[in-house]
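Me: Please take a close look at the salt bridges in this model, beginning with one pair and working outward from there. I would like the reasoning to be spelled out for each pair, and the cysteines and any unusual backbone angles can follow afterwards.

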Amino acid sequence: MDRQAPRLLALFQKRIEGDDALLRLAQARFREAGLGAEFYAEKPDELQWLLGFRPSSDLPVTVHLSRGINLLSDDSRFLIAEFSRRFAHDVYGLVIHDQGAAASDLEGYLAAVNETARLLKDGPLLFIEYAVGLDPDRYLEIFRRLRDLESVSACIDTGHVGLRQVRRRYSEIGGEDPFSLTPSDHCLSDAVDDLEEAVQSALPVLLGLIKGTGELNKPVHFHLHDGHPLYKGAYGVSDHMSFFSEIPIPFEHKGRMILPPMYGPSGLREIVKTSLAVLDPGLLSFSLEIHPPEGQEPLGEKESLSQHWQDRSNAERMNHWISVLLRNQQLLLDACRD
């Protein structure tokens with residue numbers, strides 16, 4: 001991989017029921033596409049096992065640690081240090097969520113981050129993901145205060161940032177909870193213009209956050225995915241959507257019976273364009289964190305990976321998910337080349 005190009009990765013998990021053939025399928029297709037893997041692992045031994053499915057030693061790996069990580073806890077800090085020690089040469093970055101403590105006790109939280117950084121020795125970068133809905137300015141303040149920590153930087157989650165702004169803007173307009181609406185809601189037709197205004201306010205806020213992190217001239221990791229309040233995925237969340245997704249509605253609005261998501265393909269191009277304008281490409285890593293959509297796709301030449309299955313429906317669901325990831329990868333590659 002060109003070291004001056006952004007690192008490109010995607011979610012690599014067995015989110016569909018089945019055996020390790022699903023991971024072998026992902027391994028083969030990621031390798032062919034030149035796409036790195038973002039694993040989820042709660043314990044070092046779990047990651048050791050997952051690395052057996054790494055697409056290629058030439059492709060980057062990041063690891064999302066447990067959402068229960070608490071930097072104010074010795075146990076959590078020592079666990080991060082253990083991941084860092086054991087996988088110093090295998091993993092580019094470890095990802096953890098930010099914490100509400102950064103809003104209620106910033107000084108205590110910064111002290112905990114500094115203590116964690118002290119335990120990291122020449123290992124992967126530690127990326128703190130925008131996850132709990134902090135004010136974006138407070139999130140930026142964390143990294144301005146941690147500017148001198150070479151091992152710690154930001155992970156910007158496009159869905160989390162955008163949906164927070166949608167909720168905030170919808171409330172300012174006078175609405176209640178945009179996430180309580182559904183496409184079949186009888187009042188949606190009255191609320192749709194306000195909802196669209198709120199949704200369209202997400203991208204400028206996200207771009208502002210990207211510019212702010214760019215001023216620090218440090219590596220930045222991205223979780224890239226789209227979202228919309230009317231969308232409820234398999235896990236009940238309103239993001240982790242493909243950038244090609246649209247929201248069907250039961251009435252015509254502006255000549256169409258669909259609503260666009262927060263970003264769409266043009267929004268992703270703006271995200272990448274802004275990132276490349278404020279940071280050297282080698283400091284950027286983009287991970288497509290898109291959950292499995294509905295659909296199946298024949299396995300074709302990869303059918304042999306699941307030949308021990310009588311019913312290959314779940315393998316075809318996995319194959320469809322991977323194809324969605326790869327279509328978004330191509331959009332991302334095109335944006336990086338523009």
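Reply: In this predicted model, glutamate 115 and arginine 118 join their side chains in a salt bridge, with an N to O distance of 2.6 Å. Both residues belong to helix 5, which spans residues 106-119, and because they are three residues apart there, about one helical turn separates them. Glutamate 115 is partly exposed at 28% relative accessibility, and arginine 118 is likewise partly exposed, with a relative accessible area of 48%.

A second pair is made by arginine 167 and aspartate 177, whose side chains meet in a salt bridge at 3.1 Å, N to O. Here arginine 167 sits in helix 7 (residues 158-173), while aspartate 177 lies in the loop between helix 7 and helix 8 (188-200), so the salt bridge ties together parts that are ten residues apart in sequence. As for solvent contact, arginine 167 counts as partly exposed at 43% relative accessibility, and aspartate 177 is also partly exposed, its relative accessible area being 30%.

Helix 7 holds a further pair, glutamate 172 and arginine 169, which are three residues apart, about one turn of the helix. They form a salt bridge in which the closest N and O atoms are 3.0 Å apart. Glutamate 172 has a relative accessible area of 43% and is partly exposed; arginine 169, with 25%, is partly exposed as well. Elsewhere, Glu107, Arg138, Glu141 and Arg145 are joined into one network by salt bridges that share partners. In the structure as a whole there are 18 salt bridges, and those described above are among them. In general terms, side chains of opposite charge can pair when their charged atoms come close.

Turning to the cysteines, the structure holds zero disulfides. A disulfide is, in general, a covalent bond between the sulfur atoms of two cysteines, and the cut-off applied here is that the two sulfur atoms lie within 2.5 Å. For cysteine 155, the closest cysteine sulfur is that of cysteine 336, and because the distance is 16 Å, it is too far for a bond. Seen from the other side, the sulfur of cysteine 336 has cysteine 155 as its closest cysteine partner, again at 16 Å and too far for a bond. Cysteine 155 is moreover buried, with a relative accessible area of 0%.

The backbone angles single out two loop residues. Asparagine 217 has a phi near 55°, which is a positive value in a residue other than glycine. This asparagine 217 is placed in the loop between helix 9 (202-214) and strand 7 (220-224), and with 54% relative accessibility it counts as exposed, because the cut-off for that class is over 50%. Lysine 254 also has a phi near 55°, a positive value in a residue other than glycine. Its loop runs between strand 8 (247-253) and strand 9 (256-259), and lysine 254 is exposed, with a relative accessible area of 65%.

To return to the request, the pair of glutamate 115 and arginine 118 is a salt bridge within helix 5, whereas the pair of arginine 167 and aspartate 177 connects helix 7 with the loop that comes between helix 7 and helix 8.

Terms used. Residues numbered from 1 in each chain as written. Predicted model: local features only at pLDDT ≥ 70, side-chain atom pairs only at ≥ 80, totals over all residues. Heavy atoms only, no water. Buried < 20%, exposed > 50% of the residue type's maximum accessible area, 1.4 Å probe, protein only. Helix = DSSP H or I, 4+ residues; strand = E, 2+ residues; numbered from the N terminus. Salt bridge = Lys/Arg side-chain N within 4 Å of Asp/Glu carboxyl O.
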